[in-house]
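Here is a short report for a reader who wants the main features before working with the coordinates. It goes from sheets and helices to single residues, then to totals and confidence.

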Amino acid sequence: MDALKLYLFPCRQIGRSLTLLFSIQLISCTDISTESKVIEPSGWENYAGNKAGMRYSDQEEINLSNVHNLKVAWRYSSEDKDADNRSQNQCNPIVVDGILYGSSPKLKLLALDASTGESKWIFDPSNEDTEFANDPMSFYKVNRGVVYWEDKEGKNKRVFYNVGAKVYGIDVGTGKPIREFGKNGYIDLSIDLDRDPNGYNPFVANTSPGIIFQNLLILGSRVAESADAAPGHIRAFDVMTGERRWIFHTIPHPGEKGYESWPDKDAYKKLGGANSWAGMSLDEKRGIVYVPLGSISGDFYGGYRKGSNLYANSLVALDALTGNYKWHYQTVHHDLWDRDLAANPNLVTLQKDGKEIEAVAQITKHGFVFLFDRETGEPIFPIEERSVPQDGLPGEHLWPTQPIPTLPEPFARQKFEESDVTNLDSVTHKKMLEKYRKIKYKEMFHPPSKDGNWIFPGFDGGGEWGGAAFDPDSKILYVNSSELPWAMVMVDVPKEESESVSKPVGRYVYDKYCLACHGVELEGNGSSYPSLVDIGNKYSSKELTGIMENGINMMPSFSHLSDNEKKALLNFLLNMETKTIGTQKINKEPATSHNKEIKNCLEQIPYQMAGYNRFLDDNGYPGITPPWGTLNAVDLSTGKLLWKVPLGEYAELTAKGVPITGTENYGGPVVTKGGLVFIAATKDSKIRAFDKNTGKVVWEAQLPAPGYATPAVYTVAGKQYIVIACGGGKIGSISGDEYVAFALEE
């Protein structure tokens, strides 16, 4: 191993700057040392099926003529769901050499016989991590997949997977951590970011798996949404040792391309975000990794982050061996609407003007597909920079235009007008119309305001982290979409007076850190963000403190708050705080002691969002006319939307004669050579197969809990299976802890 390290590093350095001859030698040495053994294909060895992110299976044992014969082949339960229905499992498992590798709601790593569901071994991270072992709730977080690697000789075989900030390297034979990897078996993503760790919010985690190129594990991260978030730089680590091999600064440093675009030359010292939380795709032939990035943190006010904010909201192409920049395209400039690139892109081949083009397709939350040449980054179809409204909040510095693809046609509706308000019945229509009119601004890209904006498609899409599926034969992209408006209203950030605060201390802390998610009245939004009313009846003081320290589900850690702030917030949540206006000053100095630049940045934020509010009626149905969830087929060669069908249903509405409406959906589709599109994702706890040519439902099955995940389609010993993680837990659904696999009835 030491010889490998010594040999590979000089080759890499020579290859950057010397002649083509030396470059050829570099390729030879890395191939000899790090090329992975050819694994007998199962059809699903990588997250999203393959490294190109296609979500495609070339298996056709299951096809249009026999799909109606699909039956449950096996079920496996990890028995670790949350009884209060807050746990989730969004894992898209992989299958290698007949073994399925996936995770559970408590982030245990599972190795199952892929033909029977029999457990081979389980790695439980709580046995490794004493910090979290005493707080099992901290493991109700999200892991969407794992990464497999083995060397050319097949002697070293390991799985890498994420548990919060830690990425473990696990031996596939034993299910034990590989102690030589990183620090006693793991690497910590919260450090080694080329910034003083005391200068940012310590919350760093990972929800989507990394991707392997040769002997490198390339990783993104999830960071906090607040303006003091950690930077979202992209890093590559040695698969054997865990050592960092390269880093790409998503907020460029001096001397790096893109740095000149920032009016504030110290932005890289104090801003965070621009992170890749949705996964990546890799062109192994070219050695290019395609990285979708999110927003600069501090989502809805950008007065302190002037400029277009590179490389936030961009698809960035990097040399996978070195991390060197190749090209980028920014899909939203100076984002104020939380328009992260929320899915890994699809590497596609299409026909245009009589030529075959190798391209990369990136779906977005606002329902677009951006198509670029893989090598150059040139758009395949024209993209127009269109003028957008400029009447922003005081202190805001808006970008004058936003990019809109002329083609492909959008897969989600782009407008929410009065005529679109729900019409299920006259009483509901009238009530929802009144609510609709209270929000002043209706058009896409209108800047945030105190008068309110309709965000449509909503904060969760349009397209989301489930991604899209691409059929290489027909050149058709299949993508599901949620069609639910969200209301965004801005309010003033609470100000602290010189000698006292204008409200009780705990309320001040709540308004500053919690209000955006849990609302002014602590009632949450009935789906993603739970009510905190009477939270003391559910959790003890000790448990609530643990949640603040470690986070839970999708809530990040707030360990950076000072002890004084935590105590005040706890007293407020437990109704122990005096109802009169307090005079105690808040110790605002956080435990991690933000540096001067971060403090100045935080003090420049005068506004925050009043809450993530879906537009739902009293029965929990979307306040817009159906469809509320759709599956769409887009011909990438012509850019035309071929068909759109509802995805999911509310059985009680169907029974009343309402045409199938679709539901809000999470998780993605898989397309197969057998003529089918498989997808779960819906609130009605079903998995379905659609005819990929027409969009007609040709099979469906009930699941024990909603499958808010992407299925995996694989073959073992010549038999084809479809498996889905049934984790539920989102948007008011029950939680589950099962994997359910289907195959043709014998």
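In this predicted model, three strands make an open sheet in the order β26-β29-β32, with antiparallel pairing. Its edge strands are β26 (453-455) and β32 (613-614), and each of them pairs on one side only. Strand β29 (residues 486-488) pairs with β32 in the antiparallel sense, over two bridges. One residue pair can be named here: W486 has R614 in β32 as its bridge partner. Strands of a sheet pair through backbone hydrogen bonds, either parallel or antiparallel.

A second antiparallel pair involves β33 (residues 629-635) and β34 (residues 640-646), joined by six bridges. Within this pair, A633 stands opposite W643 in β34. The two strands form a hairpin with four residues between them. G639 sits in that turn and has a positive phi of about 80°. In a regular strand the side chains alternate between the two faces of the sheet.

**Helices**

Helix α6 (residues 505-513) is mostly covered, with seven of its nine residues buried. The buried residues are V505, G506, R507, Y508, V509, Y510 and D511. That list includes the charged residues R507 and D511.

Helix α9 (residues 563-573) has its own buried set: E565, K566, A568, L569, L570, F572 and L573. An α-helix has 3.6 residues a turn, so residues three or four places apart point the same way. After α9 comes N575, whose phi is positive, near 60°.

**Three loop residues**

Where do the polar side chains of the loops reach? The table sets out three cases, each with a polar contact made by its side chain.

| Residue | Loop between | Relative accessible area | Polar contact of the side chain |
|---|---|---|---|
| T682 | β36 (676-679) and β37 (686-691) | 0% | side chain of D684, 2.5 Å |
| K285 | β17 (281-283) and β18 (288-292) | 64% | side chain of E358, 3.5 Å |
| N92 | β2 (70-77) and β3 (94-96) | 1% | backbone oxygen of T710, 2.9 Å |

T682 is buried, because its relative accessible area of 0% is under the 20% cut-off. Leaving aside neighbours within four places in sequence, T682 is in contact with L647, G648, T663, E664, N665, R688, P706 and Y708. The polar contact of T682 goes to the side chain of D684, at 2.5 Å.

N92 is also buried, at 1% relative accessible area. What does N92 contact beyond its neighbours within four places in sequence? Its partners include W44, N46, Y47, A48 and G49. R144 and G145 are among them too, as are T710, P711 and A712. The side chain of N92 reaches the backbone oxygen of T710 at 2.9 Å.

K285 is exposed, because 64% relative accessibility is over the 50% cut-off. A polar contact of 3.5 Å still joins its side chain to that of E358.

**Cysteines**

How many disulfides does the count give? The count comes to zero. C91 is buried, because its relative accessibility of 0% is under 20%. C726 is buried as well, at 1% relative accessibility.

**Whole-protein totals**

The secondary structure comes to eleven helices and 41 strands. Of the 746 residues, 64% are buried. The accessible surface is about 27,600 Å², and 51% of it belongs to carbon and sulfur atoms. Take the contacts between residues at least 6 apart in sequence: 64% of them join residues at least 24 apart.

**Confidence**

The mean pLDDT is 88, and 86% of the residues reach 70 or more. Over residues 1-36, however, the pLDDT is below 50. Beyond near neighbours in sequence, this stretch has 37 contacts in the model. Residues 578-593 also stay under 50. For this second stretch the model has 47 contacts beyond four places in sequence. Where pLDDT is low, the predicted coordinates should not be read in detail.

Technical notes. Residues numbered from 1 in each chain as written. Heavy atoms only, no water. Buried < 20%, exposed > 50% of the residue type's maximum accessible area, 1.4 Å probe, protein only. Contact = heavy atoms within 4.5 Å. Areas by Shrake-Rupley, 256 points an atom, 1.4 Å probe, with all protein chains shown as cover. Disulfide = S-S within 2.5 Å. Pairing = 2+ DSSP bridges. pLDDT = per-residue confidence, 0-100. Polar contact = N/O pair within 3.5 Å; in protein donor to acceptor, adjacent residues only side chain to side chain.
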